[in-house]
Amino acid sequence: MDTSSKPLFMIMLGAPGAGKGTQARMLSEVLGLPQVSSGDIFRENLRNATPLGRLAKGYMDRGELVPDDVTIDMVMDRLSCPDCAGGAVLDGFPRTLAQADALRQALVAQDVRVSLAPLLEVSDDAVIGRLAGRRVCRDCQAMYHVVFSPPKVEGVCDKCGGQLYRRADDEPDTVRNRLFVYYKQTAPLVGYYFAHGVLVTIDGDRPIAAVQADLLSAVQAASV
Ligand code: AP5
Ligand code: MG
Ligand code: ZN
């Protein structure tokens, strides 16, 4: 898809398990834009036992948000890389109004705006079922679900042969806390992006390909 005319920054909104990561990865491949996932960056820091990873671990294990100052610095650092000059598909960031304002200011400084903020709407029950069955590749972070998108061989990544694992924060108690945190701290962003005229609501309670088709239509509409 040709979106080369202006930088395209899009923000995937939705509860934990809504499908942000799944859809962001597919969009990033189709659009040729980097996927910038704050959760993935934190998990990479955790794996490498960096100071940032050690700081984030307690918050992530409890299903709470990592403090804004470190999160904003980390994502702004990533967005300043040359591969983000043409835009990015943001997944998991921003998650608070302070983060949204920081992103807006950084983009305005480059004379750029967020083009699109799709909200994937999924019921709480569906979210809990999705996270209970989610499996992630240790090596390439590809996403699977034991029922909805299983790998060809159980426990093995189709794309790279890596081992699949279950995220520690996908335990039901932690998922309930993540949902609570979402409604309290992240849901206000829906109003924020509506007010900026870039919110598009998408029914995320449908098969992955149907959601993807709607997202691509929304990108096309935002790029003209
Ligand atoms: P993060 O990694 O961002 O987790 P999250 O928001 O809780 O979202 P998930 O990754 O759980 O869900 P998703 O919407 O990406 O769904 P997915 O595509 O995987 O954050 C983790 C933690 O890091 C946070 O709790 C916090 O501590 C910290 N953090 C991260 N960013 C932060 C920030 N900005 N500020 C502060 N702290 C931050 O899909 C889920 C499952 O469903 C998969 O198995 C998938 O195969 C399946 N699936 C997807 N779509 C469908 C479909 N249409 N039908 C059926 N199954 C589907
Ligand atoms: Mg995700
Ligand atoms: Zn893999």
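This passage describes the zinc site, the two sheets and selected side-chain arrangements of a predicted model.

The zinc ion (ligand 3) is held by four cysteine residues, with the SG atoms of C137, C140, C157 and C160 serving as the protein donors. These donor atoms lie 2.3 to 2.4 Å from the zinc ion. The arrangement around the zinc ion is tetrahedral, because the 4 donor atoms subtend angles of 98 to 115°, and four donors count as tetrahedral if all angles lie between 85 and 135 degrees. For comparison, the ideal angle for four tetrahedral donors is 109.5 degrees. Along the chain, the donor residues follow the spacing C-x2-C-x16-C-x2-C. Two of these donors, C140 and C160, link distant parts of the chain, being 20 residues apart. C140 belongs to the loop between β5 (134-137) and β6 (143-145), whereas C160 belongs to the loop between β6 and β7 (164-165). With a relative accessibility of 22%, C140 is classed as partly exposed. C160 is likewise partly exposed, its relative accessible area being 40%.

The strands β5, β6 and β7 also form an open sheet of 3 strands, with antiparallel pairing and the order β6-β5-β7. The edges of this sheet are occupied by β6 and β7; each has a single partner strand, so one side of each is left without a neighbour in the sheet. Between β5 and β7, the antiparallel pairing extends over 2 bridges. Within this part of the structure, C137 stands opposite L164 in β7. C137 is also one of the zinc donors.

A second open sheet consists of 5 strands with parallel pairing, arranged in the order β2-β3-β1-β4-β8. Its edge strands are β2 (35-37) and β8 (199-203), each of which pairs on one side only. On average, neighbouring strands of this sheet are turned by 20° against each other, with direction ignored. The edge strand β8 pairs with β4 (residues 114-121) in the parallel sense, over 5 bridges. Opposite T201 in β8 stands L119.

The loop between α5 (97-108) and β4 contains A109. This residue is exposed, because its relative accessibility of 68% falls in the class defined as over 50%. The C-alpha atom of A109 is separated by 21 Å from that of R95, and the two residues are 14 residues apart along the chain.

Aromatic side chains were also examined, and a search of the whole structure identifies 2 aromatic pairs. In one of them, Y182 and Y183 are arranged edge-to-face, with 5.3 Å from centre to centre and 70° between the planes. Y182 is buried, at a relative accessible area of 11%, whereas Y183 is partly exposed, at 45% relative accessibility. The other pair is formed by Y192 and Y193, whose ring centres are 4.9 Å apart. The planes of these two rings stand at 75°, so the pair is edge-to-face. Both Y192 and Y193 are buried.

A further ring contact involves a charged side chain. R62 is placed over the face of Y59, at 5.4 Å from the ring centre.

Key: Residues are numbered from 1 along each chain as its sequence is written. Chains are lettered from A and ligands numbered from 1 in the order in which they are written. This is a predicted model: local features need pLDDT of at least 70, side-chain atom pairs count only at pLDDT 80 or more; totals for chains, interfaces and linings use all residues. Side-chain values use heavy atoms; hydrogens and water are left out. Donors are N, O and S atoms within 2.8 Å of the metal (3.2 Å for Na, K and Ca); water is not among the atoms, so sites may look incomplete. Four donors count as tetrahedral if all angles lie between 85 and 135 degrees; four count as square planar and six as octahedral if opposite donors are over 155 degrees apart and all others between 65 and 115; anything else is irregular. Helices (H or I, at least four residues) and strands (E, at least two) are DSSP runs, numbered from the N terminus. Buried means under 20% relative accessible area, exposed over 50%, partly exposed in between (1.4 Å probe, protein chains only). Two strands pair if DSSP finds at least two bridges between them. Axes are lines fitted to C-alpha atoms, for helices over the stretch in contact, and angles run from 0 to 180 degrees between N-to-C directions. Rings of Phe, Tyr and Trp (its six-membered ring) pair if their centres lie within 6.5 Å; planes under 30 degrees apart count as stacked, over 60 as edge-to-face and the rest as tilted. A charge sits over a ring if NZ of Lys or CZ of Arg is within 6 Å of the ring centre and within 35 degrees of the ring normal.
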